[in-house]
Amino acid sequence: MAFELETAAHPEGLTRVAIDPVSRVEGHGKVTLMLDEAGHVHQVRLHIVEFRGFEKFIQGRPYWEVPVMVQRLCGICPVSHHLAASKAIDMIVGAKRLTPTAEKVRRLMHYGQMLQSHALHFFHLSSPDLLFGFDSEVGARNIVGVAAAHPDIAKKGVLLRKYGQEVIRMTAGKRVHGTGSIPGGVNRSLSAEDRATLLKDIYQIVSWSREAVHLIKKLHLANPALYNSFGSFRSNIMSLVGNDGALDFYHGTLRARDDNGKLIFDNVDYQNYRQYLSEEVKPWSYMKFPFITSLGPEAGWYKVGPLARVQNCDFIPTPLAEAERREFVDFGGGGLVHATLAYHWARMIEMLHSAETIKDLLHDEDISGSDLVTEGEHESRGVGVIEAPRGTLFHHYRVDENDVVTFCNLIVSTTNNNQAMNESIRQVAKRYLDGRQLTEGLLNHIEVAIRAFDPCLSCATHALGKMPLEVELIGADGSLVDRRTKGLGG
Amino acid sequence: MEADVPLDDLLRPRSPPAAVLVLGYGNPSRGDDALGPTFVERARAAAAHLEVPGGIEFLTDFQLQVEHALDLIGRRLAVFVDASADAPAPFACSEVAARRDDSHSSHALSPSAVLQVYADVVGGPPPRCRLLAIRGESFELGADLGTAATANLDAALEFFAREILRQDGGP
């Protein structure tokens, strides 16, 4: 099936504009706009090169290598893959319930990642747009502009990011390619020295995170007409929710709501995710389009990530973030907030929750315990799901009698948001591009909408010369009319 | 990270860093993208026999990001090592200057952008920075380093020991 503006009714005679790849978004992404001679939008598509070959990369390896190897899939959120794979392999080794120390060390690692990822996104990827506006001069619309105008914000952003990475290093064992999480548990707990180091700084981290929530809230409330409408669309939402209904990034059951907040399903054991979710393939994109099976592809697509999570849970189990969540919910006036730019607000609430959770874990004696691994009766299949910074992440494996992986299926956060991101840029195209001359600022509107989802295209290949931003204007006869290229060379 | 400590002080390392930093980056499981991390692995072994005044530190990462600006603080020399699809074989070595290129605010910064973050966030003159861009050909997931890339790596390591360490980082 096709959605409005997904496929032009009469593509002949239309001009195609390609933004390739999307800057400030990792990997290879491309937006194509087909306009008629009057500049009216007829087709808008976000194309993303997905995890081609990833399943093949994993198949044939012994299961115990998987939690480490999957970190090679993505240079942006390797910890997410490390932990989702570990949770799946836990099922295979029969570790139905981890030791308290193992679960808390993994949680600490994960919340450290959430903190650093959300900090990078807000302080360095998105705040330039949010602080300077989408049409501002390009030079100001990057972190240099932020640093010049708001030096403290840039510095705090770097320090928040660094703190989260220190949490990862101390729990995973290394700055990159960590090995901390293993089948059935962890191979280390937090040393007394590392714990003291992190405790010394965590109160400042909580304080800065709280300031960040207040900053984005102030921006949102200062211009509600823009923030509430920009790239907005109604949709279902889905996320993991803790067993008590709490916001939980590490573990829980699946919950989905419709666009009015009514439950579609709840308390779903993610081992059975395939009974509830399906994936549609479309000929124009490498990335699949997941949907809730019972609703079908047309009505069953959903959004994931901060905006979904903060509204899908019943409460946030840390006081400062819970107070912010309540204010956010009140802002929605009894309904779900569907504003694309509200992703930023929700993301900062999550960053605050991450900081508070890290503080609590550092005060928990289990974090330095010595009971690290458990195991039970082995099984041939396991599914691991976590809430990664960008949304729900599924890892699914099967192994044979020789403990070799024979099947692997990943549904990554960005794939879960595929239809949502397409919807958002179609709304932006209709509102801001239709019938107008294309400019750098207008094209940036498209990118602003995509950035709000913080997509990770997970192409860790970044060799020099591989990352141009290319905008092509192709005439109705297929000839190249104009091209604008941005690359590392400036 | 006490609240009354100036932010600039918080940015600085808690102990004096080694004078020379070698930062190789890339994905070890994407064919020739492994050139940066592999370079670091081999250079570290080779440098064990060298006396580098002030010491030498080796780091690897998937890609450059804003926090790497903090890794430059207090250095005399920083050498970025990356695979390059554009550099002439076997490698190209160039000076890096701070520049506001389009990798700013992306998930993967260029070395110039890291220096620009240094200038804007840390302030003051950065260390001398050089980029060793080693020619790579193939970047497929799951592939090993190619034959040509391995030969380019050997040449880059020889140049590093002969020209960079002895002239810039060594006695």
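**Note on the predicted model of chain A**

1. The crossing of H11(A) and H12(A) is left-handed. This is a predicted model. Helix H11 spans residues 319-331 of chain A, and its axis lies 8 Å from that of H12(A). The packing angle is about 160°. Angles over 145 degrees count as roughly antiparallel, so H11(A) and H12(A) fall into that class.

2. Who makes this contact? From H11(A) come Pro319(A), Leu320(A), Ala321(A), Glu324(A), Arg325(A), Phe328(A) and Phe331(A). H12(A) answers with Ala342(A), Trp345(A), Ala346(A), Ile349(A), Leu352(A), His353(A) and Glu356(A). By class, the contact of H11(A) with H12(A) holds 10 nonpolar, 1 polar and 3 charged residues.

3. H12(A) also packs against helix H7 of chain A. H7 covers residues 192-222, and H12 covers residues 342-362. Their axes are 8 Å apart, at an angle of about 160°. H7(A) is therefore roughly antiparallel to H12(A). The crossing of H7(A) with H12(A) is left-handed. Here the contact residues divide into 19 nonpolar, 3 polar and 5 charged.

4. Tyr203(A) deserves a look on H7. The residue sits in helix H7 of chain A. Is Tyr203(A) buried or exposed? Neither label fits: its relative accessibility is 47%, so Tyr203(A) counts as partly exposed. Leaving aside residues up to four places away in sequence, Tyr203(A) touches Lys359(A) and His363(A). Its C-alpha atom is 8.5 Å from that of Ala355(A), although 152 residues separate the two along the chain.

5. Next, the sheet built from E12, E13 and E14 of chain A. The sheet is open, has 3 strands in the order E12-E13-E14, and pairs in the antiparallel sense. Why does one side of E12 and of E14 lack a neighbour in the sheet? Strand E12 (381-388) and strand E14 (405-411) stand at the edges, each with a single partner strand, so one side of each is left free of a sheet neighbour. On average, neighbouring strands of this sheet are turned by 15° against each other, direction ignored.

6. The pairing of E12(A) with E13(A) can be given in detail. Strand E13 runs over residues 391-399 of chain A, and its antiparallel pairing with E12(A) extends over 8 bridges. Ala388(A) stands opposite Gly391(A) in E13(A). Helix H3 (residues 78-92) of chain A packs on this sheet, touching E12 and E13. The direction of H3 makes about 150° with that of E12(A).

7. A second antiparallel pairing joins E9 and E10 of chain A. Strand E9 covers residues 277-280, and the pair shares 4 bridges. Glu280(A) has Phe289(A) of E10(A) as its bridge partner. E10 itself spans residues 289-292. Which way do its side chains point? Phe289(A) and Phe291(A) point one way, whereas Pro290(A) and Ile292(A) point the other way. All four of these residues are buried.

8. Finally, the chain as a whole. Chain A has 15 helices and 16 strands. Its length is 490 residues, and 64% of them count as buried. Among contacts in chain A with a separation of 6 or more, 70% come from residues 24 or more positions apart.

Technical notes
Residues are numbered from 1 along each chain as its sequence is written. Chains are lettered from A and ligands numbered from 1 in the order in which they are written. This is a predicted model: local features need pLDDT of at least 70, side-chain atom pairs count only at pLDDT 80 or more; totals for chains, interfaces and linings use all residues. Side-chain values use heavy atoms; hydrogens and water are left out. Axes are lines fitted to C-alpha atoms, for helices over the stretch in contact, and angles run from 0 to 180 degrees between N-to-C directions. Helices (H or I, at least four residues) and strands (E, at least two) are DSSP runs, numbered from the N terminus. Angles under 35 degrees count as roughly parallel, over 145 as roughly antiparallel, 65 to 115 as roughly perpendicular and the rest as oblique. A crossing is left-handed if the near helix is turned anticlockwise from the far one by less than a right angle, and right-handed if clockwise. Ala, Val, Leu, Ile, Met, Phe, Trp, Tyr, Cys and Pro count as nonpolar, Asp, Glu, Lys and Arg as charged, and the others, Gly among them, as polar. Buried means under 20% relative accessible area, exposed over 50%, partly exposed in between (1.4 Å probe, protein chains only). Two strands pair if DSSP finds at least two bridges between them. Contact means heavy atoms within 4.5 Å.
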